[in-house]
Structures are given as structure tokens and as C-alpha cells.
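Please open the model in a viewer and keep the selection panel at hand. The tour below proceeds from one selection to the next and states what is found at each stop.

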Amino acid sequence: MNTIIRDAKIIDSESPFHNQTVDILIVDGSINKIGKLLPNLENTAEVKLDNLHVSQGWFDSSVSLGEPGFEDRETIANGLNVAAKSGFTAIALQPNSYPIIDNQSQINFVKSKANGFATELFPIGALTKGSEGKDMAELFDMKNSGAVAFGDYNKSLDNANLLKIALQYVQDFDGLVIAFAQDSNIKGNGVANEGIVSTRLGLKGIPNLAEELQIARNLFLLEYTGGKLHIPTISTAKSVALIKEAKAKGLNVTCSVAVHHLVLTDEKLENFDTRCKVSPPLRTETDRQALLAGILDNTVDIITTDHNPIDIEHKKMEFDLAKNGTIGLESAFGALLTVLPLEKVIEKLTSGKATFGIESQTIAEGNKANISLFNPEGKSIFSKDNILSKSKNSAFLGTESKGKAYGIYNQGKLVLV
């Protein structure tokens with residue numbers, strides 16, 4: 001689809017047109033011409049939107065979509081459309097399905113389901129069979145089929161030796177290991193951050209130590225083995241400090257923070273709202289500020305939505321019994337702009353591609369058009385009307401939002417809200 005994007009301000013520090021307002025002519029999926037007042041000689045479709053800004057396509061490093069097995073929560077088809085309308089040109093799909101994505105055929109299945117969509121899907125293979133933490137899955141076969149990393153979604157590997165072996169094994173084919181950090185023994189039956197709020201509400205607490213102890217262990221293992229380690233969705237101030245120290249040592253470690261940990265705190269649990277029950281749990285304002293500081297000084301590499309659709313039957317129940325997880329694609333951009341400057345938001349939504357070995361496309365003539373379209377201005381309140389996912393379990397309902405995502409141009413397709 002040939003398109004002219006009119007009067008778009010480019011936010012792309014790698015582009016020669018950074019911070020310039022220009023027209024972008026896209027022909028056969030590639031950027032043909034960038035300039036002022038480009039002529040429309042062939043009745044090409046035009047995109048004109050209020051205060052339009054564009055950047056390299058955004059990438060979300062942690063998305064669950066349910067399918068296969070939990071299609072009532074979300075399907076791959078609808079999930080990719082939601083991602084596109086939320087401004088994401090690519091997502092990494094977690095193996096959080098039934099069956100677990102732990103072999104070559106499952107990787108091929110989800111990739112085939114994603115064919116033809118504007119948003120690209122990059123599968124993460126489970127690190128262990130069935131994500132049970134006992135036996136290593138078929139990592140090399142999955143890598144050959146297109147898996148970009150290996151990890152058990154929201155499950156910490158208790159067996160330190162198994163993680164050691166995995167870190168050594170994947171070096172033969174430049175694989176990336178994802179290690180969620182939460183010591184199950186210290187977590188126990190905890191359901192919320194251990195602190196004043198959990199004590200006041202009578203909820204069993206999960207101390208920061210549960211995450212920090214596991215991160216320290218995993219970093220020791222990485223120092224011993226070498227290789228590449230990604231620590232997803234960190235949530236505490238001490239976690240940021242540990243990773244900063246590891247990077248200073250030269251360890252090949254990256255980490256991500258979920259949008260909800262940058263914007264919300266455990267104070268949101270006051271009404272026992274299970275939409276705010278996530279893993280790791282929402283922490284304190286002190287932790288939130290430390291995570292934001294980690295973003296600003298680049299200790300934190302990636303911002304993710306950690307989008308996890310959960311059906312109402314597993315959310316609208318007693319807090320202790322409700323499943324962890326919040327959807328986050330639709331609310332991500334607007335929520336982030338309330339706590340971070342625009343250029344830093346764009347940087348952290350695009351830089352994750354390098355961590356996962358996915359090629360980036362600068363906005364420049366001759367390159368593939370892989371573009372997110374958005375307006376960074378305007379304030380609103382995030383409501384149910386903004387939710388496009390099948391599941392409605394958003395922790396951001398009723399929160400302030402700034403700006404909006406318009407959609408994307410990718411794979412030769414234009415998708416707008």
C-alpha cells in the first residue's frame with residue numbers, strides 16, 4: 001500500500017531527519033522519499049492526523065496472548081491488531097499458553113498464525129519442558145524455527161544448576177536466556193508487596209528480598225558461565241542497583257521494567273482491586289522512583305507492557321485466589337508520558353529489538369517502513385472504551401493518560417485506531 005504521511009515530526013535520534021516535521025512517501029513498503037510538501041502524483045493515499053509524530057516501530061518484549069489453549073482470553077489475530085492500534089510494530093510472544101510453547105512445532109504454529117499481520121510476532125520459547133523447571137526444552141530446535149529467546153513466563157528457576165547449564169548451552173548459537181526472578185520459598189503464599197499497605201489490608205506479603213536474592217544468584221551464575229541473560233520486569237530499588245553493578249563489571253545482562261511498575265504503586269490495592277494483582281507485585285513509591293531513575297540512567301534497557309489477558313472468571317474473585325496479570329498494550333504510551341519525557345519513552349520502546357536480535361529500521365530513505373504514529377499531547381482518563389483486548393483486566397482503568405497512539409505502518413500495511 002503506497003502512502004504519504006503528511007506533516008509528521010520524526011522522533012528518531014538515528015535518523016538524519018530527527019526532530020524535523022516532514023512528509024514521508026512510502027512505496028511498496030519502503031521509504032521512498034522524505035521532504036517538505038512532497039507532491040502526490042499518483043493519487044496515493046494520504047495520512048493527515050493532529051500533531052502527528054512518528055518514530056521507529058515500537059517493540060514489546062513481553063506479551064501473552066492466550067492462544068493456543070486460552071483463546072477465551074485472547075487470540076493471536078486480535079492481539080496483533082490490538083498491538084498495532086497501540087503503536088507496536090513487533091511483539092515478543094511469551095510461551096504462556098496451553099500447551100506451553102516448548103518445542104519446534106509450537107513455535108511454527110504461533111508464527112503461522114501471525115502471518116499477514118502488520119505487527120510482527122517473535123516467539124519466546126520455554127526454557128524448560130512445560131515450564132516446569134525440571135528438564136531443559138529443545139532450545140536449539142526452537143532457535144532454528146525462529147525463537148528469539150528462552151524463558152519460563154513468570155516462573156523463577158529454583159534449580160541453579162539448570163540455569164547454569166542453559167547459559168552455557170545457548171552460547172553455541174548466541175541464544176538469550178530470560179530469567180524471571182522471584183524466590184518461591186521467600187515469596188511463600190504472598191500476594192502483594194510486603195509493607196504498610198499489605199499489613200493494613202491483611203494480605204500476605206512478598207518481600208523485595210524474594211526478587212533481589214534471585215537476581216543476585218542469577219548474576220553470580222552469569223559471571224561464572226558467560227553468555228547473555230535478560231532479567232524481565234524488575235520491581236525494586238535494590239534490583240536496579242544489583243544490575244547496575246553487574247553491568248559495570250562487564251556482564252552481558254539486560255533488564256526490563258513493566259509500565260505498571262513505573263506508574264502505579266501498592267496503594268492501588270486499597271479496594272482489593274484484583275486488576276492490580278500482578279507478578280512481581282506493585283511496590284512502593286521509593287521503588288517506583290528508583291525504577292524511573294534506572295530508566296533515565298540506562299541501567300534499565302527496555303520498557304515492556306507485560307501484557308497478560310486474564311478472563312473475568314479468574315479475576316473477579318477473592319484477592320488471594322485471583323490470577324496475576326494486567327493487560328497493558330492499549331494504555332502503555334499514554335501512561336508512560338505521565339512519568340517520563342517523550343524521547344526517553346521512544347528510546348525504551350524501540351531499543352529492546354537489539355537485545356532480542358531483531359533488526360531496527362531507522363526512518364531514512366531506502367529503508368523498510370517500520371513506523372509508529374502518535375500524538376504526545378492531550379490528557380484523558382483511561383477507560384473501558386479504550387480497551388481493545390478481549391479481556392478487560394486493566395490496572396490502568398481510571399488513571400490519567402497523556403497523548404495517544406494512532407497506529408503503525410509496517411509490513412506494507414497501515415493500521416490506525
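**A tour of pockets, helices and cores**

Begin with the second largest pocket of this predicted model, which has a volume of about 340 Å³. Select Glu330, Phe382, Asn386, Lys404 and Ala405, which lie nearest the centre of this pocket among the 17 residues that line it. Next, colour α11 (332-336) and β17 (400-410), the elements that give two or more residues to this lining. Strand β17 supplies the largest share, 4 residues. By residue class, the lining of the second largest pocket divides into 6 nonpolar, 7 polar and 4 charged residues.

Move now to the largest pocket, with a volume of about 830 Å³. Its lining comprises 35 residues, and the ones to select are Asn96, Tyr153, Asn154, Lys155 and Asn324, the closest to the pocket centre. The lining of the largest pocket contains 13 nonpolar, 13 polar and 9 charged residues.

The next stop is helix α2, residues 104-113; show the side chains of Gln106, Ile107 and Val110, which are buried. Why do they lie on the same side of α2? They cover an arc of only 105° around the axis, and therefore share one side of the helix. In general, an α-helix has 3.6 residues a turn, so residues three or four places apart point the same way. To see what the buried residues of α2 pack against, add α1 (76-85), β7 (88-93), β8 (120-125) and α3 (139-145) to the display.

For a second helix, select α12, residues 342-350, which is mostly covered, with 7 of its 9 residues buried. The buried residues of α12 are Leu342, Lys344, Val345, Ile346, Lys348, Leu349 and Thr350. Lysines are thus included in this buried set, at positions Lys344 and Lys348.

The tour ends in the nonpolar interior. In soluble globular proteins, nonpolar side chains tend to be buried together. Select Ile231, Ile234 and Leu262, which touch the most other members of the largest nonpolar core, a set of 85 residues. Then centre the view on Ile231 and display its contacts: beyond its neighbours within four places in sequence, Ile231 is in contact with Ala179, Ile215, Leu219, Ile243, Val253, Thr254, Cys255 and Ser256. Apart from the largest core lies another, of 18 residues, and the final selection is drawn from its members, including Ile5, Val22, Ile363 and Tyr409.

Methods: Residues are numbered from 1 along each chain as its sequence is written. This is a predicted model: local features need pLDDT of at least 70, side-chain atom pairs count only at pLDDT 80 or more; totals for chains, interfaces and linings use all residues. Side-chain values use heavy atoms; hydrogens and water are left out. On a 1 Å grid over the protein atoms alone, a cavity is a set of points where a 1.4 Å probe fits but cannot get out, and a pocket is an open set with protein on both sides within 12 Å along at least five of seven lines; lining residues have an atom within 4 Å of a point. Grid points are joined across faces, edges and corners, and a volume is the space filled by probe spheres set on the points. Ala, Val, Leu, Ile, Met, Phe, Trp, Tyr, Cys and Pro count as nonpolar, Asp, Glu, Lys and Arg as charged, and the others, Gly among them, as polar. Buried means under 20% relative accessible area, exposed over 50%, partly exposed in between (1.4 Å probe, protein chains only). The arc is that of the directions from the helix axis to the C-beta atoms. Contact means heavy atoms within 4.5 Å. A nonpolar core is a set of buried Ala, Val, Leu, Ile, Met, Phe, Trp, Tyr and Cys residues joined through side-chain atoms within 4.5 Å.
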